[in-house]
Amino acid sequence: MNPRTYTTECVILISLFLTICFIGCGEGGDSAKNLPAQSELTVEEQVTLGRAGQGDRIELVTVADDEMLNVLTVEDQWVSVLVMDQGIISDRGVDSIARLPDLFHLRLRMSPITDRGLIRLSSCESIQILNLPQCESTAEGVAALAVLPDLRNLRLGGGKLD
């Protein structure tokens, strides 16, 4: 394939992708424009929607804490993604997260998860993507994650990692 053809095809694919993202895929239409973004809803509101079959994730951009996660139960099989981009989720909050039987993707930024929290997360066999960029864990906690059978993407950061 000549480089000019390859470049043209890439430009066409990128243009198509951007068009789909901008216009949408036809579902939702104008009625979705007046709804708040999922990440603007409280955890309780997102849990209510998920339990009603209207969601598969909890995403929060406001400051999160352990108490917010107390609403989660083992019955919340609908939660496949849990993303908290600001917060102070500690090992106590991880205890609530570990209740989620089908959690696929977990991202907790600004959360001081220690070895105890990582050991607790090692019981979440469904996790495939784990992102804890500001954790307080050591190599001991990281080693505990080795038992996760489907873990494919691991991102950890923190001053205690060696």
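The legends below describe close-up views of a predicted model of one protein chain.

**Figure 1. Overview of the chain and its order of elements.**
The predicted chain holds five helices and five strands. Read from the N terminus, these elements follow the order α-α-β-β-α-β-α-β-α-β. Of the 162 residues in the chain, 35% are buried. The exposed surface comes to about 9600 Å², and carbon and sulfur atoms supply 57% of that area. When contacts between residues at least 6 apart in sequence are considered, 49% of them join residues at least 24 apart.

**Figure 2. Strand β2 with its partners β1 and β3.**
Strand β2 is mostly covered, with six of its eight residues buried. On one pairing, β2 runs parallel to β1 over seven bridges. In this pairing Glu59 stands opposite Val83 of β2. β2 also pairs with strand β3 (residues 105–108), again in the parallel sense, over four bridges. Here Met84 stands opposite Leu108 of β3. To get from β2 to β3 the chain passes through helix α3 (residues 91–97), and this β-α-β crossover is right-handed.

**Figure 3. Surroundings of Gln86 in strand β2.**
Gln86 belongs to strand β2. With a relative accessible area of 38%, Gln86 is partly exposed, in a strand where six of eight residues are buried. The side chain of Gln86 reaches the backbone oxygen of Val61 at a distance of 2.6 Å. Apart from neighbours within four places in sequence, the residues in contact with Gln86 are Val61, Thr62, Val63, Ala64 and Arg109. The C-alpha atoms of Gln86 and Met110 are 5.8 Å apart in space, while the two residues are 24 apart in sequence.

**Figure 4. Surroundings of Asn131 in strand β4.**
Asn131 is found in strand β4. Its relative accessible area is 11%, which is under the 20% limit, so Asn131 counts as buried. The side chain of Asn131 makes a polar contact with the side chain of Arg155, at 3.4 Å. Once neighbours within four places in sequence are set aside, Asn131 is in contact with Leu106, Arg107, Leu108 and Arg155. One of these residues, Leu108, stands opposite Met84 in the pairing shown in Figure 2.

**Figure 5. The salt bridge between Asp76 and Arg51.**
Asp76 and Arg51 form a salt bridge, and their closest N and O atoms are 2.7 Å apart. The pair links distant parts of the chain, 25 residues apart: Asp76 sits in the loop between β1 (57–65) and β2 (81–88), and Arg51 in helix α2 (residues 43–51). Asp76 is buried, at 1% relative accessibility. Arg51 is partly exposed, at 47% relative accessibility.

**Figure 6. The salt bridge between Glu136 and Lys160.**
In this view Glu136 forms a salt bridge with Lys160, with 3.9 Å between the closest N and O atoms. Glu136 lies in the loop between β4 (129–132) and α5 (139–144), and Lys160 in the segment after β5 (153–156), so the salt bridge ties together parts that are 24 residues apart in sequence. Glu136 is partly exposed, with a relative accessible area of 31%. Lys160 is also partly exposed, with a value of 48%.

**Figure 7. The salt bridge between Arg152 and Asp150, and a salt-bridge network.**
Arg152 forms a salt bridge with Asp150, the closest N and O atoms lying 3.9 Å apart. At 61% relative accessibility Arg152 is over the 50% limit and therefore counts as exposed. Asp150, at 29%, counts as partly exposed. Elsewhere in the chain, Asp56, Arg57 and Glu59 are joined into one network by salt bridges that share partners. Glu59 of this network is the residue that stands opposite Val83 in β2. The count of salt bridges in the model comes to eleven.

Key:
Residues are numbered from 1 along each chain as its sequence is written. This is a predicted model: local features need pLDDT of at least 70, side-chain atom pairs count only at pLDDT 80 or more; totals for chains, interfaces and linings use all residues. Side-chain values use heavy atoms; hydrogens and water are left out. A salt bridge is a side-chain nitrogen of Lys or Arg within 4 Å of a carboxyl oxygen of Asp or Glu. Buried means under 20% relative accessible area, exposed over 50%, partly exposed in between (1.4 Å probe, protein chains only). Contact means heavy atoms within 4.5 Å. A polar contact is a pair of N or O atoms within 3.5 Å; within protein, one must be able to donate a hydrogen and the other to accept it, and residues adjacent in sequence count only if both atoms are side-chain atoms. Accessible areas come from the Shrake-Rupley method with a 1.4 Å probe; for residues, only the protein chains shown count as cover. Two strands pair if DSSP finds at least two bridges between them. A crossover is right-handed if, with the strands pointing away from the viewer, the path from the first strand over the helix to the second runs clockwise.
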